[in-house]
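Here is a short briefing for the bench. Keep the sequence and the 3D view open while you read.

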Amino acid sequence: MNHPFLQLCLARLREFYREPEVIFWVYGFPLLLAVGLGIAFANRKPDPQPVDVQRVAGQDDAELAKVLNTAGLKVEVHDEVECEQRLRTGKTVLYVVPSTDGYRYIYDETLQESQIARPRVDDAIVRWKLGKTIPWNTVDEHVTEPGNRYIDFLLPGLIGANLMGGGLFGVGFVLVDMRVRKLLKRLLATPMRRSHFLLAVLVGRLVLMLPEMLLLLLLGWLAFDVPVRGSLLTVSLFILVGAAAFAGIGLLVASRSEKTETVSGLINLVMIPSWVLSGVFFSSKRFPEMTQPIIQALPLTQLNDALREVMLEGATFTQVAWRFAILAAWAVVTFVVALRIFRWQ
């Protein structure tokens, strides 16, 4: 029992179990997360695929929408421009264009949800037309134009997710690691202000993140032909303010955390809901209306939507300025609160 190796192992275990917050974030938080996600998604049918019907003069678009809704799809009727815009921004997976001789199905064949929705739409139309003597044709039109594909929708979401991860881990985790290694305690003895130190950490992260995100944009353009239809300056400004917002959140979660396990749990508490709700892989508009105020308040939602509107739709800074204001508010408020509650050790 007195072997050095055994005593070192016991010391490490005692150090771990004597920290209640560490026990919670290592054992309690994953269990609560599993229970919460299990309640939210277990025994639940998949949400109906969102499908649009293009409004065409003299055609049965309203009746067609009613038929598709009855078949278990979530259908809306819009004009041509709106249908294209909704498909481009991930709010729908397919839209149907009725005509005098049949129907056109317009979708991105690389998107799995579109591949699932297409036969369901066709089956509903076949059942509807069954027994009618008027023939009809169906034509598939696959979206291949840059700006309308799934990869064009995905890249801004990946930029936002990378900014979030970089801000939370690159600031929050690093600060707690410095606290654990007593480096912050040494800095306390130097003649500097707390605000100068925290602001330097935040600015340092911003300087590192901007070139990384611009390289990701360049890769998307060269490798996948992802367009930037709006101003590159506007995109850069949103990358900067988004990085500042997540760096501020990283400062906040690290302000009082004394263990790396604790800050890891807090970071996951911020990141996991954002990954699910904020439209990284699919549009955040697909969630119920009652949840939208919460979803729209998340900084990652505003960043992803703003990048998509500027890159894919050519929105000007004026048109997305309100999203910039929300992200700037996150950056300022989290930094001010972190500054007030931060402690060196």
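How many bridges join S3 to strand S4, and do they run parallel or antiparallel? Strand S4 (residues 102-107) is joined to S3 by 5 bridges, and the two run antiparallel. Bear in mind that this is a predicted model. The points below cover the strands, the salt bridges and the surface patches.

**Strand S3 and its partners**

- Strand S3 spans residues 94-99. It is mostly covered, with 5 of its 6 residues buried.
- Strand S1 (residues 50-54) pairs with S3 in the parallel sense. That pairing has 3 bridges.
- Val53 has Val96 of S3 as its bridge partner.
- Val96 in turn has Tyr105 of S4 as a bridge partner.
- Tyr95 is matched with Ile106, its bridge partner in S4.
- The link between S3 and S4 is a hairpin, made through 2 residues.

**Strand S4 and the step to S5**

- Is S4 buried or exposed for the most part? In S4, 5 of the 6 residues are buried, so the strand is largely enclosed by the rest of the structure.
- Strand S5 (residues 137-142) is joined to S4 by 6 bridges. These two strands run parallel.
- Ile106 stands opposite Glu141 in S5. Ile106 is also the bridge partner of Tyr95.
- As background, side chains in a regular strand alternate between the two faces of the sheet.

**Salt bridges**

- The structure holds 11 salt bridges. Three of them are described here, beginning with Asp52 and Arg86.
- Side chains of opposite charge can pair when their charged atoms come close.
- Asp52 forms a salt bridge with Arg86, and their closest N and O atoms are 2.6 Å apart. The pair links distant parts of the chain, with Asp52 in strand S1 and Arg86 in helix H4, 34 residues apart.
- Why does Asp52 count as buried? Its relative accessibility is 0%, and buried means under 20%.
- Arg86 is buried too, because its relative accessible area is 10% and the cut-off is under 20%.
- Asp52 and Arg86 belong to a network of salt bridges that also includes Glu76.
- Glu141 and Arg104 meet through their side chains in a salt bridge of 2.9 Å, N to O. This pair also links distant parts of the chain: Glu141 lies in strand S5 and Arg104 in strand S4, 37 residues apart.
- Glu141 has a relative accessibility of 31%, so it counts as partly exposed. Arg104 is partly exposed as well, with a relative accessible area of 30%.
- Glu309 and Arg323 form a salt bridge between their side chains (2.8 Å, N to O). The pair links distant parts of the chain, 14 residues apart: Glu309 is in helix H12 (residues 299-313) and Arg323 is in helix H13 (residues 321-341).
- Glu309 counts as buried because its relative accessibility is 19%, and buried means under 20%. Arg323 counts as buried at 7% relative accessibility.

**Surface patches**

- Which residues form the negative surface patch? Asp79, Glu80, Glu82 and Glu84 make it up.
- Glu84 is found in helix H4, which covers residues 80-88. Arg86, the salt-bridge partner of Asp52, is placed in helix H4 too.
- Glu84 has 33% relative accessibility, so it counts as partly exposed.
- Leu215, Leu218, Trp221 and Leu222 make a nonpolar surface patch of about 450 Å².
- Leu222 lies in helix H8 (residues 194-224). It counts as exposed because its relative accessibility is 60%, and exposed means over 50%.

**Points to trace in the view**

- Follow the bridge partners from Val53 to Val96, then from Val96 to Tyr105.
- Then look at Glu141, which stands opposite Ile106 and shares a salt bridge with Arg104.
- In helix H4, look at Glu84, one of the residues of the negative patch.

Conventions
Residues numbered from 1 in each chain as written. Predicted model: local features only at pLDDT ≥ 70, side-chain atom pairs only at ≥ 80, totals over all residues. Heavy atoms only, no water. Buried < 20%, exposed > 50% of the residue type's maximum accessible area, 1.4 Å probe, protein only. Helix = DSSP H or I, 4+ residues; strand = E, 2+ residues; numbered from the N terminus. Pairing = 2+ DSSP bridges. Patch = residues over 30% accessible without salt bridge, like charges linked within 9 Å, V, L, I, M, F, W, Y side chains within 5 Å. Areas by Shrake-Rupley, 256 points an atom, 1.4 Å probe, with all protein chains shown as cover. Salt bridge = Lys/Arg side-chain N within 4 Å of Asp/Glu carboxyl O. Lys, Arg positive; Asp, Glu negative; His and termini not counted. Charge placed at Lys NZ, Arg CZ, Asp CG, Glu CD.
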